[in-house]
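Work through the following exercises with the sequence and the model side by side. Each task is followed by a solution that goes step by step.

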Amino acid sequence: MGEPKTNRVECHLRQGVADDAFGILEVHRGSILRLGSLAYSEAECLSWAFGLHAKQYVQAMKALGETYWVAEMNGFICGFCSYLGNEVKGLYVHADVARMGIGTRLLEKAETEIFALGHDKIDLTAALSAKGFYRKHGYSSVQEKSWESRGGLEMTVLQMRKPRTIG
Ligand SMILES: CC(C)(COP(=O)(O)OP(=O)(O)OC[C@H]1O[C@@H](n2cnc3c(N)ncnc32)[C@H](O)[C@@H]1OP(=O)(O)O)[C@@H](O)C(=O)NCCC(=O)NCCS
């Protein structure tokens, strides 16, 4: 048996609820500003993070039926993933714990549930900062497109897709 990877951390995954909205907001905003900058300008990141509000997650959960999974470490939310139907809507990890396998665990949880619901493919719109991550997880690029971020700046994003594999 090989040595365990030293950069992996202990965290607990559970379904997100309305009371998690502020914790989710903190991760969402911080992750955009610190990790989004790997692929976008400061102005683009500010526009991407603009206007985020805790009530939008509550609305997504309750009115739209979006499913949230959160990763928790020492009682704090350090990442989240949400999906609706066959679409992964959001996946964000706190910059302090990036590249420690948390994004992978959250994505795998969402993928398992989406495929268990009977969908034969997963769609998502990826930020360019996450392209390498999604490629590693079997997603292919469908098309690059322009997205008007919340603050009004146009940003280049990537439509990506992963088919269900048989077996
Ligand atoms: C993309 C994101 C969710 C990945 O989460 P994470 O917990 O850091 O990812 P993991 O540790 O599970 O990474 C697994 C593998 O994916 C790949 N990967 C992850 N981040 C990567 C990056 N920035 N560039 C290239 N490959 C990357 C690596 O192969 C990595 O394995 P390794 O660290 O052993 O090399 C996280 O970086 C993030 O929140 N980014 C900012 C916001 C964002 O772009 N979200 C997606 C919006 S659509």
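The exercises below concern a predicted model and move from the whole chain to the sheet and then to individual helices.

**Exercise 1. Describe the overall make-up and dimensions of the protein chain.**

Begin with the secondary structure: the protein chain holds five helices and seven strands, and read along the sequence these follow the pattern β-α-α-α-β-β-β-α-β-α-β-β. Next, take the extent of the C-alpha trace, which spans about 50 × 40 × 35 Å along its principal axes. Then compare the radius of gyration with expectation: a compact globule of 167 residues would have a value near 15 Å, and the 16 Å of the protein chain agrees with this. Finally, consider the interior and the contacts: 33% of the 167 residues count as buried, and, among contacts with a separation of 6 or more, residues 24 or more positions apart account for 65%.

**Exercise 2. Establish the strand order of the sheet and identify which strands stand at its edges.**

The seven strands form an open sheet with mixed pairing, in the order E1-E2-E3-E4-E5-E7-E6. E1 and strand E6 (140-148) occupy the edges and have a single partner strand each, so one side of each lacks a neighbour in the sheet. From one strand to the next, the twist averages 25°.

**Exercise 3. Follow the pairing from E1 to E4, giving the sense and the number of bridges at each step.**

Starting at the edge, E1 and E2 run antiparallel and are joined by four bridges; here arginine 14 has valine 70 in E2 as its bridge partner. The step from E2 to E3 is again in the antiparallel sense, over seven bridges, with glutamate 72 standing opposite isoleucine 77 in E3. These two strands form a hairpin with two residues between them, and asparagine 74 in the turn has a positive phi of about 50°. For the last step, E3 and E4 pair in the antiparallel sense over six bridges, and cysteine 81 is found opposite leucine 91 in E4.

**Exercise 4. Determine how the buried residues of helix H4 are arranged and what they pack against.**

First check the geometry of H4 (residues 102-116): its 15 residues reach 21 Å from the first C-alpha to the last, close to the 21 Å expected at 1.5 Å a residue. Its buried residues are Ile102, Gly103, Leu106, Leu107, Ala110 and Ile114. Viewed down the axis of H4, these fall within an arc of 125°, so they line one face of the helix. The general principle is that an α-helix has 3.6 residues a turn, so residues three or four places apart point the same way. The face of H4 turned away from the buried side carries the exposed residues Thr112 and Ala116. As for partners, the buried residues of H4 pack against strands E1, E2, E3, E4 and E5 and against helix H5 (131-136). Just after H4, glycine 118 adopts a positive phi of about 105°.

**Exercise 5. Apply the analysis of buried and exposed residues to helix H3, and place helix H1 relative to the strands.**

In H3 (residues 54-62), the residues Tyr57, Ala60 and Met61 are buried. They cover an arc of only 95° around the axis, which puts them on the same side of H3. The exposed residues Lys55 and Lys62 sit on the face turned away from that buried side. What covers the buried residues of H3 includes H1, E2 and E3. H1 itself (residues 21-35) lies across E2, E3 and E4, and runs at about 90° to E3.

Key
Residues numbered from 1 in each chain as written. Predicted model: local features only at pLDDT ≥ 70, side-chain atom pairs only at ≥ 80, totals over all residues. Expected span 1.5 Å × (residues − 1). Buried ≥ 20, exposed ≤ 12 C-beta atoms within 10 Å, placed from the backbone. Arc of directions from axis to C-beta. Contact = placed C-beta atoms within 7 Å. Pairing = 2+ DSSP bridges. Axes fitted to C-alpha atoms, helices over the stretch in contact; angles between N-to-C directions. Rg over C-alpha atoms; globule rule 2.2 N^0.38 Å.
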